Amino acid sequence: MNEQRVVITGMGVVAPNGVGLDAFSAALKNGKSGIAYFQSLADLNFSCCVGGIPPLNDKIISNYFTPLHLRNFNSDGIIFGCIAGMDAWRDAGLTRDNNQVDFDSGTIFGTGTSGVEKFREAIYQLDKGNVRRLGSTVVAQTMASGVSAYLAGFLGLGNQVTTNSAACATGTEAILLGYERIKQGKAKRMLVGSCSDHGPYIWGGFDAMRVMTYKHNSTPEKASRPMSASAAGFVPGSGAGGMVLESLESAQARGARIYAEVLGGHVNSGGQRNGGSMTAPNPLAVQKCIKEAIVDAGISASEIDLINGHLTATSKDAEEIKNWQVSLQCGSNFPFIQSTKSTIGHCLAAAGSIECVASVLQLYNGYIAPSTNCEDLLPEIEQRIGADRITKILTQRNLQIVAKASFGFGDVNACLLFKKWG
Amino acid sequence: MTNEDLITALKKIVKPYVQDELAFETLGEESDFIHDLKINSAHLIDVVLDIEDHFDITIENEELEKMVSVGSAMKLISTKIS
């Protein structure tokens, strides 16, 4: 079977600074922060009391879930994922049929953990000896694949239905996995993306590691500072991003609007060797991942107009820039580089998918979104690529190719290349 | 509690779980939860928990197996609350 070309025909997003493509797109252009202070975190003695939670309410949620679904429901990540996923499906011009299974469409929708609040609720019941009182949905809400299972049920997906998990590279990996499945001709459409719960039970472990900033509790909108000399750790976020990937053949046959083509990508791991560890990336592996992605996409590095970096606002930002520079071998012609986390924080398992949506919005609409909070650019980054490679205000620019990379705990890497359509 | 009160209370409890509205309109003692009312078998567990809360009773596993219709549920609840 001939290899299929793969395009993006729909997108959906639930981000701390905007729910839905329109709101998120406006926030992205305006550099609007979705980071706020949470007294609830201070009350639990968190060092970092700022975070990003998507502005959802019961009315919005009831447009996607029935009252029966919401009975005893306490799994925010699944709610975020289903909203982003169903929005992407609708945005692609696809409908749902309540009686038919669509064997040509599947989903790979990732997460880190699922339903941590529900799990907590269940553990309290269990420890009181009340196992029989847990109700029927604890498993569905707390299994890692809960989000893909709910989405498949809503949309009648009959191809592969699964959930991937690769820490903070989850979302980017999901898109690559869906791309590969369509490319191989095993599916016509794949709903791909990722989601992450919010709140203390997800964020606590990072606070304990002191990798989240504790220096900006009084200035939440300034807290997430990728590439800044005053960066002091990441700001935790949450949400979901979703995309409908489709074979070019299928998209053209139904006259679908095409946002971009997925040219290719790569995932690998640094094996927690040569400087890599559970929490830090092996630089050689990061460089290899980017280089292999470029080869897979069949382009030359000089064709990349914009990079959407992983850039979390930890001490690793300068090293990431160095890795891009070494991989691209582009001398003084470094592409523009944008940090979406400056406005939404680090959405963990949801980061890759939300940031891929941000990447494709910039590509499709021809602009580079502002990277905020880096007015005091790290000198090492400035020396390496020049301050003008990072745009602090909205910049109109005809972009042809955008590269996106995400890195995660476990020393895992994922890199994708998107090309403007037409 | 009269049979009529009981069926009214049960109707209110099962309503959110019913997927066949027509069968719900004509709900009677002979209505089978799964086959007639099309309540998903996993949700039947939630119906039982709601019944326990409403009537302040405990339904044992063996009793649960026999609780297949509205009538059998009514009989079980009656013996528990009398």
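In this predicted model, A:Glu382 touches A:Leu377 and A:Ala387, leaving aside residues up to four places away in sequence. The residue sits in helix 16 of chain A, which covers residues 379–385. With 16 other C-beta atoms within 10 Å, A:Glu382 is classed as partly exposed. A link across the sequence can also be traced here: the C-alpha atoms of A:Glu382 and A:Met227 are 9.4 Å apart, although their positions lie 155 residues apart in sequence.

The domain layout gives a helpful frame for what follows. Chain A is assigned domain 1 (6–253) and domain 2 (265–420). Taken over C-alpha atoms, the centres of these two domains of chain A are separated by 21 Å. Their contact brings together 57 residues of domain 1 and 51 residues of domain 2 of chain A. On the domain 1 side, at least two residues each are supplied by strand 1 (6–15), helix 1 (21–30), strand 4 (50–52), strand 5, helix 9 (170–183), strand 7 and strand 8 (239–247) of chain A. Helix 9 of chain A gives the largest share of that side, with 8 residues. Sorted by class, the domain 1 side of this contact has 27 nonpolar, 25 polar and 5 charged residues.

The nonpolar interior tells a related story. The largest nonpolar core holds 108 residues, and those with the most contacts inside it are A:Ile8, A:Met243, A:Leu245 and A:Val360. Both domain 1 (6–253) and domain 2 (265–420) of chain A give residues to this core, so it lies between them. In soluble globular proteins, nonpolar side chains tend to be buried together. A:Ile8 offers a good point of entry: not counting residues up to four places away in sequence, A:Ile8 touches A:Met243, A:Val244, A:Leu245, A:Tyr259, A:Ala260, A:Val262 and A:Val360.

Strand 1 of chain A deserves a look of its own. Because 10 of its 10 residues are buried, strand 1 of chain A is largely enclosed by the rest of the structure. Strand 1 pairs with strand 8 of chain A in the antiparallel sense over 8 bridges, and in this pairing A:Val7 stands opposite A:Glu246. An antiparallel pairing over 3 bridges connects strand 1 to strand 9 (residues 260–269) of chain A, where the bridge partner of A:Val6 is A:Val262. Strand 2 (residues 18–19) of chain A also runs antiparallel to strand 1, joined to it by 2 bridges, with A:Val14 opposite A:Val19. Strands 1 and 2 of chain A form a hairpin through 2 residues.

In domain 2 of chain A, which spans residues 265–420, attention turns to strand 14 (residues 401–408), where 8 of the 8 residues are buried. In a regular strand the side chains alternate between the two faces of the sheet. Accordingly for strand 14 of chain A, A:Ile401, A:Ala403, A:Ala405 and A:Phe407 point one way while A:Val402, A:Lys404, A:Ser406 and A:Gly408 point the other, and all are buried. Strand 10 (residues 306–308) of chain A runs parallel to strand 14 and is joined to it by 3 bridges; there, A:Leu306 stands opposite A:Val402. With strand 15 (residues 412–420) of chain A, strand 14 pairs in the antiparallel sense over 8 bridges, and A:Ala405 has A:Cys415 as its bridge partner. The hairpin of strands 14 and 15 of chain A has 3 residues between the strands, and within this hairpin A:Gly410 takes a positive phi near 95°.

Another glycine with a positive phi, of about 70°, is A:Gly156, just after helix 8 of chain A. Helix 8 (residues 146–155) of chain A is itself mostly covered, with 8 of its 10 residues buried. Among the buried residues are A:Gly146, A:Tyr150, A:Leu151 and A:Leu155. Their cover includes helix 5 (76–91), strand 5 (105–111), helix 7 (138–142), strand 6 (161–162) and strand 7 (189–196) of chain A.

Finally, there is chain B. Its contact with chain A takes 7 residues from chain B and 6 residues from chain A. By class, the chain B side has 5 nonpolar, 1 polar and 1 charged residues. In helix 2 (residues 21–25) of chain B lies B:Leu22, which counts as exposed with 9 C-beta neighbours inside 10 Å. The C-alpha atoms of B:Leu22 and B:Asp36 are separated by 9.6 Å, with the two residues 14 apart along the chain.

Key:
Residues are numbered from 1 along each chain as its sequence is written. Chains are lettered from A and ligands numbered from 1 in the order in which they are written. This is a predicted model: local features need pLDDT of at least 70, side-chain atom pairs count only at pLDDT 80 or more; totals for chains, interfaces and linings use all residues. A residue is buried if 20 or more other C-beta atoms lie within 10 Å of its own, exposed if 12 or fewer, and partly exposed in between; C-beta atoms are placed from the backbone. Helices (H or I, at least four residues) and strands (E, at least two) are DSSP runs, numbered from the N terminus. Two residues are in contact if their C-beta atoms, placed from the backbone, lie within 7 Å. Ala, Val, Leu, Ile, Met, Phe, Trp, Tyr, Cys and Pro count as nonpolar, Asp, Glu, Lys and Arg as charged, and the others, Gly among them, as polar. Domain bounds come from an automatic or database domain assignment. A nonpolar core is a set of buried Ala, Val, Leu, Ile, Met, Phe, Trp, Tyr and Cys residues joined through C-beta atoms within 7 Å. Two strands pair if DSSP finds at least two bridges between them.
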